[in-house]
Amino acid sequence: MQIGDIAQHDGQEVTVRGWLYNRTDKGRLQFLLVRDGTGIAQCVAFKKELPPEVFEIAQELTQESSIMITGTVRADDRAPGHPGGFEIGITHLELIQMADEYPIQPKEHGVEFLMDNRHLWVRSLRQWAILRIRGTIINTIRNWLDEHGYLLVDTPILTPAAGENTTTLFEIDYYGEPAYLAQTGQLYNEANMAAFGKVYCFGPTFRAEKSKTRRHLMEFWMVEPEMAFFSLEDLMDMEEQFISAIVQTVLEKHRMELDILERDTSRLENIVPPFPRISYDEAVERLKQRLEEIDDPERKAELAITWGDDFGSPHETELAEMFDRPVFVYNYPTAAKAFYMQPVEGRPEACRSVDLLAPEGYGEITGGSERIYDPELLKERVDEIGIDPENYAWYLDLRRFGTVPHAGFGLGVERTVAWICGLPHIRETIPYARMLNRFYP
RNA sequence: UCCUCAGUAGCUCAACGGCAGAGCAUUCGGCUGUUAACCGAAGGGUUGUAGGUUCGAAUCCUACCUGAGGAGCCA
């Protein structure tokens with residue numbers, strides 16, 4: 001039996017294989033909290049009802065010892081667990097291994113200690129809940145896209161040049177040539193888009209930025225859809241459907257996990273289309289208005305803004321707090337964005353780009369745009385920013401052979417998990433976080 | 001890279017210029033309904049590293065190391 005299905009086994013004799021999560025020693029009565037990966041169940045051993053050698057094992061079990069338990073499931077309101085309300089009256093208990101003294105206790109620990117013990121920390125209840133939700137989010141991303149006519153077309157991780165010129169890359173040695181870990185699959189996506197219409201890539205992405213915040217990882221997962229004949233408006237329509245489906249699926253499948261995380265789910269129920277849409281111009285105006293209401297000089301300096309500045313995270317948080325669901329901000333200044341973004345008609349200083357800001361201070365979870373499809377203009381932009389056109393020859397080629405208007409975006413999986421789970425830090429949203437100065441274990 | 005804060009028992013913390021302490025974990029004893037159980041006992045320390053001030057430093061000063069929070073950059 002799997003503990004997750006315990007309610008369907010009331011009154012039956014079952015066998016559970018797993019690990020001891022915690023034990024309460026009441027002398028002739030032992031409460032064993034056992035986890036098997038699908039849930040946690042209380043197993044009860046009475047001295048009177050068991051052979052002495054079996055009870056003795058129950059009495060001596062250490063935290064995280066591996067065991068096999070046979071017993072009868074019974075409903076009992078007092079029984080803790082996930083799901084709770086049922087417990088197993090032990091009739092037989094077999095020890096697989098008596099675990100050494102386990103470092104992580106069911107109590108508060110510091111971040112450094114927990115990260116050093118991440119290989120064990122993933123067994124803990126909160127981490128179990130988070131990573132199960134992550135699994136569902138990833139699964140939903142793929143299902144939704146597959147069901148809506150998108151084809152998964154993988155893009156390379158080892159690449160010969162920068163995807164964009166703006167961020168730092170991890171360089172590696174490729175048989176004597178420099179190569180870089182991919183920071184986006186987007187340029188390849190554009191080639192694939194012309195072959196399959198609607199495509200997406202989904203994989204790890206690497207950024208060697210020296211970022212040290214609750215929102216950054218050096219290695220993170222990103223899904224990047226790219227669609228032929230899509231306008232910026234089409235893109236926003238699609239994104240709000242897509243994001244809403246992810247949130248609603250988690251709500252449907254993971255009430256128990258959200259409960260473990262003490263997530264306020266009323267904030268998530270709101271996440272349905274349509275999402276508010278404001279232009280960058282309007283966003284700047286709203287921030288300026290907001291600034292007039294603020295007296296604290298430090299806060300004022302943080303939120304100061306003039307047209308042309310990219311938003312920092314204080315700006316994003318402030319904007320997002322004005323709405324009860326994610327908000328699209330579109331038409332950013334061209335100078336603040338990547339070279340391949342389509343200019344706004346008659347207004348070259350702004351481009352057809354759109355970021356989606358999550359509520360509750362979680363910041364940018366998607367970033368996308370219409371791409372330049374005119375070959376001359378794209379060539380101009382490549383020359384302008386001074387990157388070597390030779391590295392981009394194949395990319396420029398795409399505009400010579402049947403170029404079409406198209407658009408796409410990238411969604412950061414970990415930021416999405418952090419937002420949906422209501423976590424203060426992104427490091428718990430990925431099994432093994434790679435951060436500045438930390439890549440063990 | 002910049003700013004701020006913190007490193008004391010396996011873990012979480014106290015002691016803030018005068019004997020190095022508690023809870024949890026571990027070991028031993030007690031308890032038939034615990035929810036991070038409880039009660040009693042025991043073991044456990046080069047106070048991050050190096051230097052300095054002082055009769056005396058975990059405590060004050062300097063440098064370094066490690067970590068955390070924030071900024072920038074971004075998903």
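How much space lies in the second largest pocket? In this predicted model, the second largest pocket holds about 480 Å³ of space. The briefing below describes that pocket first, and then turns to the aromatic rings, of which 15 pairs are counted, and to the charged side chains that sit over two of the rings, those of Tyr332 and Tyr395.

**The second largest pocket**

- The lining of the second largest pocket is made up of 23 residues, and those closest to its centre are Lys107, Glu108, Trp121, Ser124 and Arg126.
- Because domain 1 (3-97) and domain 2 (119-428) both contribute residues to the lining, the second largest pocket lies between them.
- At least two lining residues come from each of helix H2 (111-116), helix H3 (118-121) and helix H4 (125-147), and H4 gives the largest share, which is three residues.
- Sorted by class, the lining of the second largest pocket contains 10 nonpolar residues, together with six polar and seven charged ones.

**The pair of Phe311 and Tyr332**

- Among the 15 aromatic pairs is that of Phe311 and Tyr332, which is edge-to-face, with 5.7 Å from centre to centre and 70 degrees between the planes.
- Phe311 belongs to the loop between helix H10 (297-303) and helix H11 (313-320), while Tyr332 belongs to the loop between strand S14 (327-330) and strand S15 (343-344), so the pair ties together parts that are 21 residues apart in sequence.
- Phe311 and Tyr332 are both buried.

**The pair of Phe339 and Tyr392**

- Because the ring centres of Phe339 and Tyr392 are 5.8 Å apart and their planes stand at 80 degrees, this pair is edge-to-face.
- Phe339 is found in the loop between S14 and S15, and Tyr392 in the loop between helix H12 (375-384) and helix H13 (393-397), so the pair ties together parts that are 53 residues apart in sequence.
- Phe339 and Tyr392 are both buried, and they also take part in one aromatic cluster, whose other members are Tyr188, Tyr340, Trp394 and Tyr395.

**Charges over rings**

- Tyr332, the edge-to-face partner of Phe311, has the charged end of Lys337 sitting over its ring, 4.3 Å from the ring centre.
- Tyr395, a member of the aromatic cluster that includes Phe339 and Tyr392, has Arg399 lying over its face, at 4.5 Å from the ring centre.

How values were computed:
Residues numbered from 1 in each chain as written. Chains lettered and ligands numbered in written order. Heavy atoms only, no water. Phe/Tyr/Trp six-rings, centres within 6.5 Å; stacked < 30°, edge-to-face > 60°. Helix = DSSP H or I, 4+ residues; strand = E, 2+ residues; numbered from the N terminus. Buried < 20%, exposed > 50% of the residue type's maximum accessible area, 1.4 Å probe, protein only. Lys NZ or Arg CZ within 6 Å of the ring centre and 35° of its normal. 1 Å grid on protein atoms, 1.4 Å probe; cavity = no way out; pocket = protein on both sides within 12 Å on 5 of 7 lines; lining within 4 Å. Points joined across faces, edges and corners; volume = space filled by probe spheres on them. Nonpolar A, V, L, I, M, F, W, Y, C, P; charged D, E, K, R; others polar. Domains from an automatic or database assignment.
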